[in-house]
Amino acid sequence: MKNILYASDLEKGSRVVLHAALEQAIQTNGKIFFLHVSDQFHRGQDEMMSGYEIKEAHDKHLEVLKKEISAYMKTRIHNFIVEELEASSFDENAIEVVVTFGDPAKKIVQVSKEIGAGMIVMGDRRVNALSRLFLGSTAQKVIHNAAIPVLIVPISNTVKSSKQGG
């Protein structure tokens, strides 16, 4: 398994999920694709934004956001590796940052196919099965739509006992 897709929401508690992804990469001598999907700024098929100038300005804004989020993610990765891993255990250059916009579950599955991932690693913050049943979750959608193994790391029980971030 050479490529591992690590999908992160960049929220507190996700450090434990990054650690799980890195463990998989170390075991398989694989590469991590650190994916963040933002659905807040996605224009999608919305035709309310008519006019070439508005669409062009929106697209430029998204590119700036991608660069800012990517730089932030790279800093977090570096800090995590320095704080948590032995110097020789993982090469920081074996992590590629990917930022995209849209529906998180759809984009995670799409990017996993594009990079030829052998596994998806992601966290799940849902407190209980009942909330998953009624509300659904990105993790549930990915599990049902991915053609590769998905490692779900529970976050809710680990946030209090582990370092924050990641």
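Contact is taken here to mean heavy atoms within 4.5 Å, and angles run from 0 to 180 degrees between N-to-C directions. In these terms, and in what is a predicted model, helix H3 lies across strands E1, E2, E3 and E4 and runs at about 150 degrees to E2.

The protein, of 166 residues, contains 5 helices and 5 strands. From the N terminus on, these elements follow one another as β-α-β-α-β-α-β-α-α-β. Buried residues account for 42% of the protein. Among contacts between residues at least 6 apart in sequence, 79% join residues that are at least 24 apart.

The strands form an open sheet of 5 strands in the order E3-E2-E1-E4-E5, with parallel pairing. Strands E3 and E5 are the edge strands, each of them pairing on one side only, and the twist from one strand to the next averages 25 degrees. Helix H1, residues 15-28, packs on this sheet and touches E1, E2, E3, E4 and E5, with a direction that makes about 180 degrees with that of E1.

Within the sheet, strand E4 spans residues 119-124, and 5 of its 6 residues are buried, so that E4 is largely enclosed by the rest of the structure. Strand E1, residues 3-7, is joined to E4 by 4 bridges, and the two strands run parallel. In the register of this pairing, Tyr6 stands opposite Val121 of E4, while Ala7 stands opposite Met122 of E4. The pairing of E4 with strand E5, residues 150-154, is likewise described as parallel and comprises 5 bridges; here Asp124 has Pro154 in E5 as its bridge partner.

Tyr6 also takes part in an aromatic contact. The count of aromatic pairs comes to 1, and the rings concerned are those of Tyr6 and Phe34, whose centres are 4.7 Å apart and whose planes stand at 75 degrees, so the pair is edge-to-face. The pair links distant parts of the chain, given that Tyr6 belongs to strand E1 and Phe34 to strand E2 (residues 31-38), with the two positions 28 residues apart in the numbering. Tyr6 counts as buried, at 0% relative accessibility, and Phe34 is buried as well, with a relative accessible area of 1%.

Helix H2, residues 52-84, includes Ser70. Ser70 is buried, with a relative accessible area of 14%, a value that falls under the 20% limit for this class. When residues up to four places away in sequence are not counted, Ser70 touches Val97 and Val99. Strand E3 spans residues 95-101.

The loop between E3 and H3 holds Asp103, which counts as partly exposed at 34% relative accessibility. Although Asp103 and Ser38 are 65 residues apart along the chain, their C-alpha atoms are separated by 7.6 Å. Further along, Lys113 has its place in H3 and counts as exposed, at 59% relative accessibility. The C-alpha atoms of Lys113 and Leu5, which are 108 residues apart along the chain, are separated by 9.8 Å.

Besides lying across four strands of the sheet, namely E1, E2, E3 and E4, H3 packs against another helix. Two packed helices are described by the angle between their axes and the distance between the axes. For H3 (residues 104-115) and H5 (residues 138-145), the angle is about 40 degrees and the axes are 8 Å apart. Angles under 35 degrees count as roughly parallel and those of 65 to 115 degrees as roughly perpendicular; H3 and H5 are therefore oblique to each other. Their crossing is right-handed. On the H3 side, the residues that meet the partner helix are Pro104, Ala105, Ile108 and Val109, and on the H5 side they are Thr138, Lys141, Val142 and Asn145.

Terms used. Residues are numbered from 1 along each chain as its sequence is written. This is a predicted model: local features need pLDDT of at least 70, side-chain atom pairs count only at pLDDT 80 or more; totals for chains, interfaces and linings use all residues. Side-chain values use heavy atoms; hydrogens and water are left out. Buried means under 20% relative accessible area, exposed over 50%, partly exposed in between (1.4 Å probe, protein chains only). Two strands pair if DSSP finds at least two bridges between them. Rings of Phe, Tyr and Trp (its six-membered ring) pair if their centres lie within 6.5 Å; planes under 30 degrees apart count as stacked, over 60 as edge-to-face and the rest as tilted. Angles under 35 degrees count as roughly parallel, over 145 as roughly antiparallel, 65 to 115 as roughly perpendicular and the rest as oblique. A crossing is left-handed if the near helix is turned anticlockwise from the far one by less than a right angle, and right-handed if clockwise.
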